[in-house]
Each structure stands twice: as C-alpha cells, then as structure tokens.
Amino acid sequence: MVTDPIADYLTRIRNAQMANHRIVEIPASNLKKRITEILYDKGYILKYKFEDDSKQGLIKIALKYDAVTKLPAIQSLERISRPGLRSYAKPDEFKRVKNGLGISIVSTSKGVMTDKEAKAQNVGGEVLCSIF
C-alpha cells in the first residue's frame with residue numbers, strides 16, 4: 001500500500017530517467033492522469049497512454065531525452081506538499097521555480113493546473129510538486 005501516490009509517481013519517473021529507460025508504467029488515478037497531461041502540454045514528456053485493465057489502470061509515459069547530450073528533459077522533480085505537511089498558497093504567494101523556467105503543479109478548486117494558470121484564474125490551492 002502506497003501512502004503518498006504522488007511521491008510514488010514522481011519517484012518512478014525519476015528512477016526511470018536515472019536508469020535511462022524510455023517508457024515508465026505507473027498505476028493510474030485521476031490526479032496522476034491530470035499531472036501527466038500537464039507534463040505533456042509543457043513539453044516535459046514525449047507522449048503518454050492511458051490503459052485500462054481489470055483493476056485501476058496504467059499510465060504509460062514515454063520519457064523525453066535530448067538528442068545530443070542524452071540528458072532527460074526533466075532535470076528535477078520535487079514533492080512540495082506531503083501527507084504529513086500540506087503546503088497551500090494564495091495566487092500571489094506562488095514561488096517561482098528556477099526563475100520562471102520550471103512549473104509548479106497546484107490542486108485548486110477549479111482542478112489541477114500549473115501555478116501560472118492558477119495565478120491567471122486568481123485561485124489558490126495545494127502546491128503538489130515542482131518540476132524543472
């Protein structure tokens with residue numbers, strides 16, 4: 001049993017990149033699906049596929065690497081809000097990730113979105129993770 005599914009999601013991606021895997025499989029949930037869509041929209045992953053099985057389903061993510069240097073597109077994945085210490089922020093309190101080059105993923109009352117989208121819609125929420 002996993003007590004923090006988002007940390008497990010980020011760790012699976014981090015470990016797959018350190019082992020230079022092209023594809024990583026992650027147990028699915030609606031929150032993880034939305035985070036995967038955000039990563040794809042922002043260009044951090046190559047592509048993704050949601051598969052249904054008899055249980056909860058799988059997310060297959062094709063990781064993105066630089067063609068010349070072979071470095072992964074995601075340099076850093078950091079869990080901000082944890083089950084033991086939740087982290088909430090108002091729209092004007094979002095911290096910039098790497099001077100605006102990275103993103104934070106925020107769970108708001110209007111759904112899961114990036115910090116920039118939340119600031120544009122003037123909603124705060126729980127800061128789940130930051131990605132650079």
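Two aromatic pairs are counted in this chain, which is a predicted model. In one of them, the ring centres of Tyr40 and Tyr48 lie 5.3 Å apart and the ring planes meet at 75 degrees, so this pair is edge-to-face, the cut-off for that class being over 60 degrees. Tyr48 also pairs with Phe50, and here the arrangement is tilted, with 5.1 Å from centre to centre and 45 degrees between the planes. Tyr48 thus takes part in the pair with Tyr40 as well as in the pair with Phe50, and Tyr40, Tyr48 and Phe50 form one aromatic cluster.

How exposed the residues of this cluster are can be read from their relative accessible areas, listed below.

| Residue | Relative accessible area | Class |
|---|---|---|
| Tyr40 | 38% | partly exposed |
| Tyr48 | 28% | partly exposed |
| Phe50 | 32% | partly exposed |

Tyr40, at 38%, is partly exposed because its value falls between the 20% under which a residue counts as buried and the 50% over which a residue counts as exposed. Tyr48, with 28%, is likewise partly exposed, and Phe50 is partly exposed with 32%.

The chain that carries this cluster contains three helices and eight strands, and their order along the sequence is α-β-α-β-β-β-β-β-β-α-β. For its 132 residues the globule rule gives 14 Å, and the radius of gyration of the chain, 15 Å, is close to that value, so the chain is as compact as a globular protein of that length. The C-alpha trace, taken along its principal axes, spans about 40 × 40 × 25 Å.

Contacts and burial add to this picture of the chain. Of the contacts with a separation of 6 or more, 60% are accounted for by residues 24 or more positions apart, while buried residues make up 39% of the 132 residues.

The surface and the charges complete the description. The accessible surface of the chain amounts to about 7900 Å², and carbon and sulfur atoms contribute 50% of that area. Among the side chains, 23 are positive and 15 are negative, and the centre of the positive set lies 3 Å from the centre of the negative set.

Notes
Residues numbered from 1 in each chain as written. Predicted model: local features only at pLDDT ≥ 70, side-chain atom pairs only at ≥ 80, totals over all residues. Heavy atoms only, no water. Helix = DSSP H or I, 4+ residues; strand = E, 2+ residues; numbered from the N terminus. Rg over C-alpha atoms; globule rule 2.2 N^0.38 Å. Buried < 20%, exposed > 50% of the residue type's maximum accessible area, 1.4 Å probe, protein only. Contact = heavy atoms within 4.5 Å. Areas by Shrake-Rupley, 256 points an atom, 1.4 Å probe, with all protein chains shown as cover. Lys, Arg positive; Asp, Glu negative; His and termini not counted. Charge placed at Lys NZ, Arg CZ, Asp CG, Glu CD. Phe/Tyr/Trp six-rings, centres within 6.5 Å; stacked < 30°, edge-to-face > 60°.
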